[in-house]
Amino acid sequence: MIAGRRSSFRRNRLYVAGLSPAALLLALFFVGPALWALFSSFTNSALVGIDAANPRFVGFDNYVRLFHDPDFAQVILNSVVFVIGSAVIGQFVLGLALALLLDHAERRRFRARSFVYFAVLLAWVNPTIIAGFLWVAMFDFYSGSLNVALGHLGLGPVDWFGQAPMLSVIIVNTWRGTAFVMLIFLGALQTIPSDIYEAARVDGASAFRRFWDHTLPMLRPIAALTLLSVTMATFGTFILIQALTNGGPALQTEVIALYAFHQAFEAYAIGYGSTIAVVMLSLNLAFAIVFLRWSRARA
Amino acid sequence: MNELQLLNQTLSRRRFLQLSAAAALVAACGPASGGSPSSGGAISGTVNVTYPDQAGFKPKYVQQAAAAVHQQFSGVNVNIDLQKIDDDSFYTKLLLRLSSGDVPDVFHVAGTSIGALADAGYIEPLDSYIGAWSDWSQYPDAVKSGVTYQGKVYAIPYGLDMRWLYYRKDDLQKAGLPADWTPANVQGILDAAAAVKAATPNILPYALYAGPAGSSGTADHAFVPLLWAYGGELQDSSGKWIGDSPATRKVMAYYAKAYGSGLSPKTIITATQPWVAMRQKLGNGQLALLFEGGWVYGGWDSANKAGTEQNVGYVLHPTETGGPSFTVGGPGTCWYIAAKSKNKPAAWEFIKAMNSAQIVGSLNAEDPHPVARADAANVPAFASSKYLVDSTAALKSARFTAPTADYQKVILAIQTATARVASGALGADAASQRYTDDLKQQVGADKVTTQ
């Protein structure tokens with residue numbers, strides 16, 4: 001037995017050695033900060049004021065405060081609307097549609113394919129904060145290019161972020177994240193052997209039936225993973241919204257990650273901000289577990 | 001906070017209020033200073049100075065001060081870190097540095113942060129330094145108490161904050177109002193704004209700051225003067241922060257009128273740094289009414305001196321009943337020494353050089369504030385400006401917010417509450433009631449009361 005275990009270790013040694021740098025980095029930059037946030041959430045740690053000089057354990061005080069916070073329900077609701085709007089409906093559905101179109105275009109050898117491909121990709125390769133300022137430069141009420149253009153046409157300026165703030169940030173986040181989903185699905189589509197379709201076509205299946213019976217089932221495993229990935233990433237995002245509306249007007253676009261940031265770095269309440277981050281992390285984790293179980297059961 | 005500390009704060013605030021009138025008079029006619037060159041001694045090493053500046057007035061004076069220190073003490077090198085970012089971002093960056101222990105020796109932030117910074121143990125009391133600095137006698141008592149927290153002096157101010165209700169004479173005249181307009185009461189501001197809106201639809205009538213986008217201006221340039229105008233107070237006599245009250249409801253109703261009838265643009269709560277656009281628009285006549293910092297005049301004055309003198313009028317903030325008008329005062333942006341600085345004597349030498357009568361007078365003439373030290377008012381560039389003389393005189397009518405550690409948190413509650421009513425999410429009375437909850441969230445339920 002022992003000899004067997006040892007030889008299995010010897011066999012796996014290479015894998016362990018290969019994995020350990022990644023594991024170390026993940027522990028350092030993901031697990032470490034998460035544990036630190038958990039620790040901070042039980043303290044009154046602050047960046048300034050009397051609590052900064054005397055940080056101490058406060059038990060569950062921050063959690064009690066959070067569940068009595070009259071704004072927290074709205075923040076959660078905003079997050080759900082933002083995730084469903086921009087991650088599920090926006091990035092996921094649009095990304096899948098774009099991938100199908102581009103795959104179709106490639107099979108037909110359409111020339112515009114690479115133009116579309118790079119145009120979508122361009123939105124994704126920009127750093128988030130630059131993408132945010134790009135849209136601010138367009139949407140800004142006083143000096144944004146859209147309102148300046150409207151002015152030249154003799155039309156009045158539009159308060160884009162004031163009229164429909166949540167829709168605005170959903171559109172921008174969809175624009176930004178669609179490329180990722182598109183790339184994944186494009187890769188997956190190209191692994192589907194084309195003889196399946198030819199056989200279906202010979203059997204007289206319509207385009208919709210070919211998609212429903214063949215494409216979709218073959219995409220399901222990758223679709224589950226992609227949906228999980230974009231949902232979790234969107235739930236934790238805040239830089240884009242910060243650049244666009246900073247959560248306003250009147251908390252209408254304040255999502256949970258932004259709320260954690262504002263409490264930690266505007267109210268300087270690190271302990272309370274960490275508490276919000278821990279709750280966010282727990283919600284994300286719970287979602288991931290439920291979702292993975294569900295998608296495995298279906299597969 | 002124990003009762004003794006509260007008592008101290010209340011006393012120092014009361015004293016601040018009582019002596020504010022004296023400040024203006026002393027500042028206007030104070031004697032010239034002889035100055036006091038320090039003796040040499042063993043002062044040497046590097047001094048790291050960090051400060052924010054977007055307007056561009058301060059850098060040359062900071063360099064002058066650094067050169068003066070180096071000339072006096074050849075072993076001292078001043079390392080200047082100019083951050084061209086807004087004050088809020090600078091403050092957050094600074095706090096991260098201070099909490100990590102990687103501290104600059106000297107920094108420059110709002111005097112209203114004294115309580116929070118001192119409580120955190122980030123700043124050095126300056127009493128032992130000012131005891132040996134004869135120039136300190138040039139600072140009026142009201143100014144001194146403005147930078148005193150729990151009996152210790154923590155910062156050196158260069159120019160005091162005050163605010164004006166600015167109006168465009170040309171815009172008001174088009175609306176049938178006189179060029180020397182003075183509102184009889186608070187309602188008079190909204191009436192003038194409505195007249196401008198009716199006469200010239202393409203001109204913004206009035207900018208009333210609200211929400212987090214307005215930064216501290218939402219409190220100091222809008223909510224707080226309105227609260228005082230309606231006879232309200234931020235804190236009661238025991239130091240508790242007052243949430244819902246008759247005055248708070250009137251302030252919220254004023255907000256509802258200003259935003260509900262389109263007198264103030266909703267973009268104030270959606271644009272980033274809306275004050276940049278609002279200041280610019282008042283300067284070029286596209287905005288008619290704006291309650292803003294006295295220093296804002298400097299931007300208009302340097303861009304177009306003749307046009308500004310001709311078209312920009314300024315008056316004190318009116319009250320509800322037409323009682324004495326007033327302005328909101330404050331200690332302005334101050335110079336601090338970090339408690340963890342490794343070179344405090346040299347840091348103090350820099351602060352002294354930066355606050356010489358000559359630099360204080362010249363800097364405030366460009367970046368217009370009433371001078372913090374009385375003798376600086378004699379610097380010709382300062383003394384010859386009608387605007388600065390008026391601003392200094394207005395300090396006689398100034399009211400000050402208390403130098404408490406919690407005020408910055410209260411500003412966040414004010415931002416949240418005003419955004420609710422300005423955006424139309426809540427009506428005036430409901431927003432006033434929610435303001436109580438907003439305050440409780442920020443400072444704790446035990447420090448909040450209603451009236």
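**A walk through chains A and B**

B:T436 is buried, with a relative accessible area of 8%. The model is a predicted one, and this threonine is a convenient place to enter it. B:T436 sits in helix α20 of chain B, which spans residues 428-443. Apart from neighbours within four places in sequence, the residues in contact with B:T436 are B:G243, B:D244, B:V448 and B:T450. B:T436 counts as buried because its relative accessible area of 8% falls under the 20% cut-off.

Chain B also holds an open sheet of five strands, ordered β2-β1-β3-β13-β6, with mixed pairing. Its edges are β2 (76-83) and β6 (156-157), each of which pairs on one side only. Within this sheet, β1 (residues 45-52) and β3 (residues 106-110) of chain B are parallel and share two bridges. B:T50 has B:F107 in β3(B) as its bridge partner. Helix α2 of chain B, residues 59-72, lies across β1, β2 and β13 (333-337) of that chain. The angle between α2(B) and β2(B) is about 170 degrees.

A further pairing in chain B joins β7 (residues 163-168) to β11(B); here the sense is antiparallel, and there are four bridges. B:L165 is matched with B:V315 in β11(B) as its bridge partner. How is strand β11 of chain B, residues 312-315, covered on its faces? Both faces are covered: B:V312 and B:Y314 are buried on one side, as are B:G313 and B:V315 on the other. B:V315 is therefore both the bridge partner of B:L165 and, being under the 20% limit, one of the buried residues of β11(B).

One backbone feature of chain B belongs to a loop. B:Q150 lies between β4 (148-149) and β5 (152-153) of chain B. Its phi is near 50 degrees, a positive value in a residue that is not glycine. B:Q150 is partly exposed, at 31% relative accessibility.

In chain A, the path runs through α12 (239-244) and the loop that separates this helix from α13, where A:P249 is found. The peptide bond from A:G248 to A:P249 is cis, and its omega is near -10 degrees. Helix α13(A) follows this loop and is mostly covered, with eight of its 10 residues buried. Those buried residues are A:I256, A:A257, A:L258, A:Y259, A:A260, A:H262, A:Q263 and A:A264.

The loop between α13 and α14 of chain A contains A:Y268. A:Y268 is not a glycine, yet its phi is positive, at about 60 degrees. This tyrosine is counted as buried because its relative accessibility is 10%, under the 20% cut-off.

Helices of chain A also line the second largest pocket. Its volume is about 920 Å³. Which residues lie nearest the centre of this pocket? They are A:P33, A:A34, A:A277, A:M280 and A:L281, from a lining of 28 residues. Helices α1 (2-40), α13 (256-265) and α14 (270-298) of chain A each contribute at least two residues to the lining. The largest share is that of α14(A), with 10 residues. By class, 23 of the lining residues are nonpolar and five are polar, and there are no charged residues. Helix α13(A) thus appears twice in this account: eight of its residues are buried, and the helix supplies at least two residues of the pocket lining.

Conventions. Residues numbered from 1 in each chain as written. Chains lettered and ligands numbered in written order. Predicted model: local features only at pLDDT ≥ 70, side-chain atom pairs only at ≥ 80, totals over all residues. Heavy atoms only, no water. Buried < 20%, exposed > 50% of the residue type's maximum accessible area, 1.4 Å probe, protein only. Pairing = 2+ DSSP bridges. 1 Å grid on protein atoms, 1.4 Å probe; cavity = no way out; pocket = protein on both sides within 12 Å on 5 of 7 lines; lining within 4 Å. Points joined across faces, edges and corners; volume = space filled by probe spheres on them. Nonpolar A, V, L, I, M, F, W, Y, C, P; charged D, E, K, R; others polar. Contact = heavy atoms within 4.5 Å. Axes fitted to C-alpha atoms, helices over the stretch in contact; angles between N-to-C directions.
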